[in-house]
Amino acid sequence: VKCRRQVDPKIYSSNISAWRSIFAKEGLRGVFFGWSPTLVGYSFQGAGKYGFYEVFKYYYGEKLFPNANKTIVYLGASASAEFLADIALCPFEAVKVRMQTTLPPYASSLREGWSKVTAKEGMSGLYKGLQPLWGRQIPYTMVKFATFETTVNQIYGFLGKPKESYGPLQQTGVSFLGGYIAGIGCAAISHPADVMVSKLNADRQPGESGGRAMSRIYGNIGFRGLWNGLPVRIAMIGTLTAFQWLIYDSFKVSMGFPTT
């Protein structure tokens, strides 16, 4: 729904009508169409993002800049982690967007979509959205991690007790709440770039430079068009981010580590 409305804002009148239309015409499979590149791509990206974040947070905060402001450390660590994670995500995002935004579908599976893109455009076809993906994901992740860390600290400050005085279940509950709040912020700040990524993967002409393509697309949709699909993305990203932090911190607790 999000990707189709971003690429063609006139295709559906609302999110509810979009779901109804897709379900009526394509069934349950249509609602979940494109799940495979989403699952694989965001699994690679998530593992890289959270793993590299812990590495960079320790390296920047403990080794390079031990006296730096913590928020600056969070921002720098998350930006560095996302830069690397997006290199893994980009090919799958390119296939996902083409599968979900073309009617009839560009491909029926991840394997078919990957083969068609590489056969026609080479591996570069899978990475033509990398720069706008960085433009979307790096600010997104910086807000996500810095807001989460700050929000969690404020929640414990409001509760009046240190984190260590609460049990694992209570701590992961705080992580869930902090994650949802962080998700709302990062969804809003990265949405214009998210729209541009969807449009570029669906509408960039062969041989067209990234700058020229973005200029042409912006001329067609305008500033207002950059915010198409924002409500559904806030609902999606807020919930997704909350569960990401819940799962991640639950895993850390199960391994004997403290929550984030």
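What is the volume of the largest pocket? In this predicted model, the largest pocket has a volume of about 1,200 Å³. The close-up views below begin with this pocket and then turn to other parts of the structure.

**View 1. The lining of the largest pocket.** A total of 39 residues line the largest pocket, and those that lie nearest its centre are Thr 38, Tyr 42, Lys 96, Met 236 and Leu 240. Two or more lining residues come from each of the helices α1 (2–7), α2 (15–31), α3, α4, α6 and α9. Helix α9 provides the largest share of the lining of this pocket, namely 11 residues.

**View 2. The largest nonpolar core.** This core has 19 residues, and among them Tyr 53 and Trp 245 touch the most other members. At least two residues of the core are supplied by each of α3 (35–64), α4 (70–101), α6 (130–159), α7 (168–203) and α9 (230–254), and the helix that gives the most is α6, with 6 residues. When residues up to four places away in sequence are not counted, Trp 245 touches Tyr 50, Lys 144, Phe 145, Phe 148, Ser 175, Gly 179 and Thr 260. A second core, separate from this one, has 9 residues, including Phe 33, Phe 92, Leu 110 and Val 117.

**View 3. An aromatic cluster.** One aromatic cluster is formed by Tyr 50, Tyr 53, Phe 145, Phe 148, Trp 245 and Tyr 248. Two members of this cluster, Tyr 53 and Trp 245, are also the residues that touch the most other members of the largest nonpolar core.

**View 4. The aromatic pair of Phe 92 and Trp 114.** The count of aromatic pairs in the model comes to 16. Phe 92 and Trp 114 form an aromatic pair that is tilted, with 5.4 Å from centre to centre and 50° between the planes. Because Phe 92 lies in helix α4 and Trp 114 in helix α5 (residues 110–121), the pair ties together parts that are 22 residues apart in sequence. Phe 92 is buried, with a relative accessible area of 11%, whereas Trp 114 is partly exposed, with a relative accessible area of 27%.

**View 5. Charged ends over the ring of Tyr 106.** The charged end of Lys 116 sits over the ring of Tyr 106 at 4.5 Å from the ring's centre. The charged end of Arg 98 also sits over the ring of Tyr 106, in this case 5.5 Å from the centre.

**View 6. Ala 242 and its surroundings.** Ala 242 lies in helix α9 and, at 0% relative accessibility, counts as buried. Leaving aside neighbours within four places in sequence, the residues in contact with Ala 242 are Phe 176, Gly 179 and Tyr 180. Computed along the sequence rather than through space, Ala 242 and Thr 172 are 70 residues apart, while their C-alpha atoms are 10 Å apart.

**View 7. Ile 22 and its surroundings.** Ile 22 has its place in helix α2, and it counts as buried because its relative accessibility is 4%, which is under the 20% cut-off. Not counting residues up to four places away in sequence, Ile 22 touches Val 1, Arg 4, Tyr 12, Gly 27, Gly 30 and Val 31. One of these residues, Tyr 12, is 10 residues from Ile 22 in sequence and 10.0 Å from Ile 22 in space, C-alpha to C-alpha.

Key. Residues numbered from 1 in each chain as written. Predicted model: local features only at pLDDT ≥ 70, side-chain atom pairs only at ≥ 80, totals over all residues. Heavy atoms only, no water. Core = buried A, V, L, I, M, F, W, Y, C linked by side-chain atoms within 4.5 Å. Buried < 20%, exposed > 50% of the residue type's maximum accessible area, 1.4 Å probe, protein only. Helix = DSSP H or I, 4+ residues; strand = E, 2+ residues; numbered from the N terminus. Contact = heavy atoms within 4.5 Å. Phe/Tyr/Trp six-rings, centres within 6.5 Å; stacked < 30°, edge-to-face > 60°. Lys NZ or Arg CZ within 6 Å of the ring centre and 35° of its normal. 1 Å grid on protein atoms, 1.4 Å probe; cavity = no way out; pocket = protein on both sides within 12 Å on 5 of 7 lines; lining within 4 Å. Points joined across faces, edges and corners; volume = space filled by probe spheres on them.
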